[in-house]
Amino acid sequence: MTLITRRTALAASLVGACILGMTGAASAQDRPTLRLSSVVSENDIRAEAFAEIAEAVKDQFDLQVFNGATLVAQGAELTSIQRGNLEMGLVAPQTIAEQVPEWSIVTSAYLFDDAAHLKAVFDSDVGAELAGMAEDIGIHILAPVYFGTRQVNLAPDKEVMTPQDLSGITLRMPGGDAWQFLGEAIGANPTPLAYAEVYTALQTGAIDGQDNPLPNDYNMKFYEVTNQIVLTGHLVGFDVLAIGKKLWDGFTPEQQEALQSAVDAAIAGSTERHLKREEELVSFFKDEGLKVYEPDRAAFRTYAQQKYLESEFAESWPEGMLEKINALAN
């Protein structure tokens with residue numbers, strides 16, 4: 001082969017490599033990588049839903065799910081998305097409320113009746129208003145993710161029918177002003193305590209009770225050291241699945257539709273599985289010897305909503321939003 005021939009062949013190979021490189025870059029750009037961070041465990045119903053989303057969109061996105069806060073620390077999901085260090089995250093509404101005080105309304109007691117009411121609100125004009133506030137801080141809400149309704153779980157064998165019956169009861173609540181006020185709003189004497197310490201505190205009598213969705217009570221074996229579960233239903237537990245707004249806006253309409261459709265289907269299935277699990281656990285706890293009963297929820301709701309309306313939290317609530325949310329109840 002002559003020198004000219006070799007040079008020609010080399011040039012051709014370089015051109016081919018460049019074309020291949022550009023083609024590869026285009027392919028990578030057409031199928032963006034999305035990292036989703038959550039605090040849920042791998043055996044959580046929500047983890048199943050995230051895996052379903054990843055599978056459903058695999059032709060459009062490389063969706064990588066990191067559960068158990070292995071990628072981003074709990075509570076840091078929002079700021080990580082805002083800084084561009086994370087594409088998607090499961091974000092607590094309490095975290096959003098720290099930057100958007102108006103969002104504190106969705107963290108208040110007895111706002112939502114159940115999972116269906118939660119979905120109806122986020123599908124309504126109220127949901128659009130909340131979503132717009134979230135977009136103002138750089139995140140696009142894909143869906144509210146239900147994970148159970150919080151109930152009161154007590155060691156003392158004392159019947160609780162109204163908020164007044166919880167007077168003097170030391171109830172463990174998560175740390176933070178919003179959580180502590182929630183405990184007060186249902187009539188209890190709240191105290192902050194790390195989640196991992198609750199079992200021992202119940203066992204030793206350091207606290208009288210705790211509140212959590214029934215699946216949490218089961219997973220943490222709180223039923224072993226308590227006597228009753230009062231189905232107060234004081235807070236419909238949910239987080240929001242969010243994605244960076246700039247990233248979302250940069251997707252094609254086809255990509256947006258594919259991701260949203262996959263999220264809608266998976267989260268609907270997750271909600272149904274959670275509701276079924278909660279029903280099953282009522283029977284389980286009764287079989288374990290616990291008293292499981294429903295108090296006067298109307299009395300609790302009236303008491304709690306009045307507490308919130310008289311508090312500084314309600315000062316930031318958009319005018320008329322509470323009434324609109326109440327009107328959407330079944």
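At what angle do the axes of helix H7 and helix H12 cross? The answer is roughly 135 degrees, with the axes coming within 9 Å. Keep in mind that this is a predicted model. Besides that helix pair, two residues with an unusual backbone sign get a look here: Ala-69 and Tyr-110.

**Helix H7 against helix H12**

- Two packed helices are described by the angle between their axes and the distance between the axes.
- H7 covers residues 177-185, and H12 covers residues 297-309.
- Angles over 145 degrees count as roughly antiparallel and 65 to 115 as roughly perpendicular, so with a crossing of roughly 135 degrees H7 ends up oblique to H12.
- On the H7 side, the contact is made by Ala-178, Phe-181, Leu-182, Glu-184 and Ala-185.
- H12 brings Tyr-303, Ala-304, Lys-307 and Tyr-308 to the contact.
- Sorted by type, the residues of this H7 and H12 contact come out as seven nonpolar, two charged and no polar.

**Positive phi without glycine**

- Most residues other than glycine have a negative phi.
- Ala-69 isn't a glycine, yet its phi is positive, at about 55 degrees.
- You'll find Ala-69 in the loop between strand E2 (62-66) and helix H3 (77-82).
- Ala-69 counts as partly exposed because its relative accessibility is 28%, and partly exposed runs between 20% and 50%.
- Tyr-110 isn't a glycine either, and its phi is positive at about 60 degrees.
- Look for Tyr-110 in the loop between helix H4 (93-99) and helix H5 (115-122).
- With just 2% relative accessibility, Tyr-110 counts as buried, since the cut-off for buried is under 20%.

Key:
Residues numbered from 1 in each chain as written. Predicted model: local features only at pLDDT ≥ 70, side-chain atom pairs only at ≥ 80, totals over all residues. Heavy atoms only, no water. Helix = DSSP H or I, 4+ residues; strand = E, 2+ residues; numbered from the N terminus. Buried < 20%, exposed > 50% of the residue type's maximum accessible area, 1.4 Å probe, protein only. Axes fitted to C-alpha atoms, helices over the stretch in contact; angles between N-to-C directions. Parallel < 35°, antiparallel > 145°, perpendicular 65-115°, else oblique. Contact = heavy atoms within 4.5 Å. Nonpolar A, V, L, I, M, F, W, Y, C, P; charged D, E, K, R; others polar.
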